[in-house]
Amino acid sequence: MSGEEYEYKLTAVVLVYNGMPYLRRCLESLVNQTLDGLEIILINDVSTDDSLSICREFERDYDNVKVIDKEINEGLATNANLGIQLAKGEYVILVDNDDIIPVEAYEKLYVKAKENDADISVGKANFIVGNYQKEMNYHDNIGWEEEIVINDINEFPLLFHDAFYWNKIIRRKLLVDNDIKLPIGMIYADRLFSHRAYIHAKKISIIPDCVYLWRRHQTSLSMKREKLDNYINRLDSYDMNLDEIINHYPDYIKIILRRILLPIYGMLNDEEFEDIIFNRVNDFFEKAGKNVENIYENNADDIYNIYLYLIKNQKRAELKKLLELKLGEEKEVLNENGKTYWKLPYFRDESVNIPDELFELHFLKDKFVNIGEIVSNGDSIIFNNIQIPKYFPLEEGYIVLKGKTRPYDVFEDNILYYKFERMEGDENLYRAEIPISDLAMFELYEVFIKSKHEERVANDFRIKKDSIGKIDNKNKNLQVIDTERGNLIVTTEKLNKELEVECTREEIRLLVPKGKELVRIPKIYIMNDLTSEKTYMKLNEEKTAFELKWKFFLDKSSTYTFNIISFDNKGRMRNDKKLNPAFIKDFKKISLKNIISPNIEIYKTKKGLKIRTK
């Protein structure tokens, strides 16, 4: 069946359940997609909030929106399968009701799917955490940086790490012909759904664009009862259809090994979880790995292979001892015959007999790198005396700044690379210099080292406070700081004399000079000093000005203060503070001639920018 014979190019199935706080924003991002020929099916699973009325509103306003209102709550998987069954698009995609889709996402995915005649078209996703976005950390360098087209999952098995259903469009015929559905009653249903689609796809198109914004809600990571049940559910999901996947890709167990072992630290405080690890998990590895050649040759972090060995050999006390270690303090290594071994407990301990190869370091870790000092001045941020171990000969190294993209629908990556330069006198010492002019006017950057080594695995890792000798900040508008978790970040507030205030009869605006954009400045609002009522300024479509109509906030005999959501001293986007008057250019030239009332005054104090009405 050709694409022209389908009623729609793509069907987006939105799984709706009590999504009122975020549902409208989700649906707005869908109806504004640039792809024409998009069908949107909203399946309301007996929501107890006002979600249904929001869905009905969009159904009334848009011809391509259809609402399915369930009479019985049946859960996510049942509704997803129903949506796929009802879809009239050539391709389908599943959407959670609290997330956001970048406006060009579906067009990009569909164009590449058709261009390559692909059964699946996949893109990247970012997190939404609080007030900012964060790049998703795809394990094992799956963060592809260019377009990839594969004819079989065996050509790019790292794609198995991407098990989400919402960042990929899938040809509906592929799902129907192979009876690919989300398993009912399973928390990790998307993993099996995506992985079965991968193995049956005749061609997969992968693009480096961000096509989905996943809202991450803050949850506890402690190993409570529900977490234990979730872990058992995860194992069940890996067990289901395991033979089908392994028959197509025999080394599947190596790909998912790390995912199975990630929660292993929970066994320290839970005997039931310990039993699951040493019984259920061990049985799973025995079953899945019976035909696998050397299960320890995989892409998991080195330490996880040691954990696996101890599990397979029922070494409970030894595993507990390793789990209790502070790995950041374990820096002793042995260099022997061109190989580097991590001298953890039980290395060459005959009573445990763990093979040497499981202690071998295949890539550089943050704990083995030292940085003498980081200096920020008026022109640059300089990383001096970056010490790379001699046993990891460096081919290329970079300081990488990864910006946490801001609100206001900013979806492009903000990633900057600065190459290491060798310092004189020591072949293992390097420096890197970052021109401050390269940095966004207002941004928070996470700081990484990206390294490539001779005959070693290339990788990147975050810079930790413990590896830095000294941080010297001399620029008050730029801060190099460490977070509560010990990670290094850089924040910029390069707004000195940048913003202009413009007033018309209808509104007040904050603008930047031509050639610059406000996209990376977080929200600005005007607050009534008496009532503390906040009225947010809106970023215009050109992203050159924040605007607010006078009629939305002005009361007689009131004062208002401009506020900006800024960074706190730990680099978090949670710090509301008064807009610094130093950010304003030519304050004296602000004209109030066209204002609706002569009784309005804009003035500045030492603490902020204010409006007063008489």
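Here is a friendly conversation about a predicted model, covering its salt bridges, strands, loops and a helix.

Visitor: How many salt bridges does the structure hold?
Guide: Happy to start there. In this predicted model, a pair counts when a side-chain nitrogen of Lys or Arg comes within 4 Å of a carboxyl oxygen of Asp or Glu. By that rule, the number of salt bridges in the structure is 36.

Visitor: Which residue forms a salt bridge with aspartate 209, and how many residues apart in sequence are the parts tied together?
Guide: The partner is lysine 108, with the closest N and O atoms 3.1 Å apart. Aspartate 209 belongs to strand β9 (residues 204–215) and lysine 108 to helix α4 (residues 105–116), so the pair ties together parts whose separation in sequence is 101 residues.

Visitor: Is lysine 108 buried or partly exposed?
Guide: Buried needs under 20% relative accessible area, and exposed needs over 50%. Aspartate 209, at 26%, counts as partly exposed. Lysine 108 has a relative accessibility of 31%, so its class is partly exposed.

Visitor: Which helices hold glutamate 274 and arginine 316?
Guide: These two side chains meet in a salt bridge, at 3.1 Å from N to O. The pair ties together parts that are 42 residues apart in sequence, because glutamate 274 and arginine 316 lie in helix α10 (residues 271–288) and helix α12 (residues 316–323).

Visitor: Is glutamate 274 buried or partly exposed?
Guide: Its partner, arginine 316, has a relative accessible area of 26% and is partly exposed. Glutamate 274 has a relative accessibility of 9%, and the limit for buried is under 20%. Glutamate 274 therefore counts as buried.

Visitor: Which strands do lysine 402 and aspartate 460 lie in?
Guide: Lysine 402 forms a salt bridge with aspartate 460, the closest N and O atoms being 3.4 Å apart. The pair links distant parts of the chain, 58 residues apart: strand β14 (residues 394–403) for lysine 402, and strand β19 (residues 459–462) for aspartate 460.

Visitor: What is the relative accessibility of lysine 402?
Guide: Aspartate 460, at 28% relative accessibility, counts as partly exposed. Lysine 402 counts as buried, its relative accessibility being 14%.

Visitor: Which are the edge strands of the open sheet of four strands?
Guide: The order in this sheet is β23-β24-β28-β27, with antiparallel pairing. An edge strand pairs on one side only, and that holds for β23 (500–503) and β27 (538–539).

Visitor: Which residue in β28 stands opposite lysine 538?
Guide: β27 and strand β28 (residues 545–549) are joined by two bridges in the antiparallel sense. Across from lysine 538, β28 places glutamate 547.

Visitor: Which residue in β17 stands opposite isoleucine 382?
Guide: Strand β13 (residues 380–387) pairs with strand β17 (residues 429–435) over six bridges, in the antiparallel sense. Opposite isoleucine 382, the residue in β17 is glutamate 433.

Visitor: Which glycine takes a positive phi in the hairpin of β16 and β17?
Guide: Strand β16 (residues 421–422) runs antiparallel to β17, and two bridges join them. One partnership across these strands is arginine 422 with tyrosine 430 in β17. The hairpin has six residues between the strands, and the residue with a phi near 95° is glycine 425.

Visitor: Where is valine 46 found?
Guide: Most residues other than glycine have a negative phi. Valine 46 is not a glycine, yet its phi is positive, about 60°. Valine 46 counts as partly exposed at 31% relative accessibility, and its place is the loop between β2 (38–44) and α2 (51–61).

Visitor: Is asparagine 353 buried or exposed?
Guide: Asparagine 353 is a residue other than glycine with a positive phi, near 65°. Its place is in the loop between β11 (339–342) and β12 (370–376). At 54% relative accessibility, asparagine 353 counts as exposed.

Visitor: Which elements do the buried residues of α1 pack against?
Guide: Helix α1 (residues 20–31) has twelve residues and reaches 17 Å from its first C-alpha to its last, close to the 16 Å expected. Its buried residues include Leu23, Cys26, Leu27 and Leu30. The elements that the buried residues of α1 pack against are β1 (8–16), β2, α2, β3 (65–69), β4 (89–96) and α4.

Technical notes:
Residues numbered from 1 in each chain as written. Predicted model: local features only at pLDDT ≥ 70, side-chain atom pairs only at ≥ 80, totals over all residues. Heavy atoms only, no water. Buried < 20%, exposed > 50% of the residue type's maximum accessible area, 1.4 Å probe, protein only. Pairing = 2+ DSSP bridges. Expected span 1.5 Å × (residues − 1). Contact = heavy atoms within 4.5 Å.
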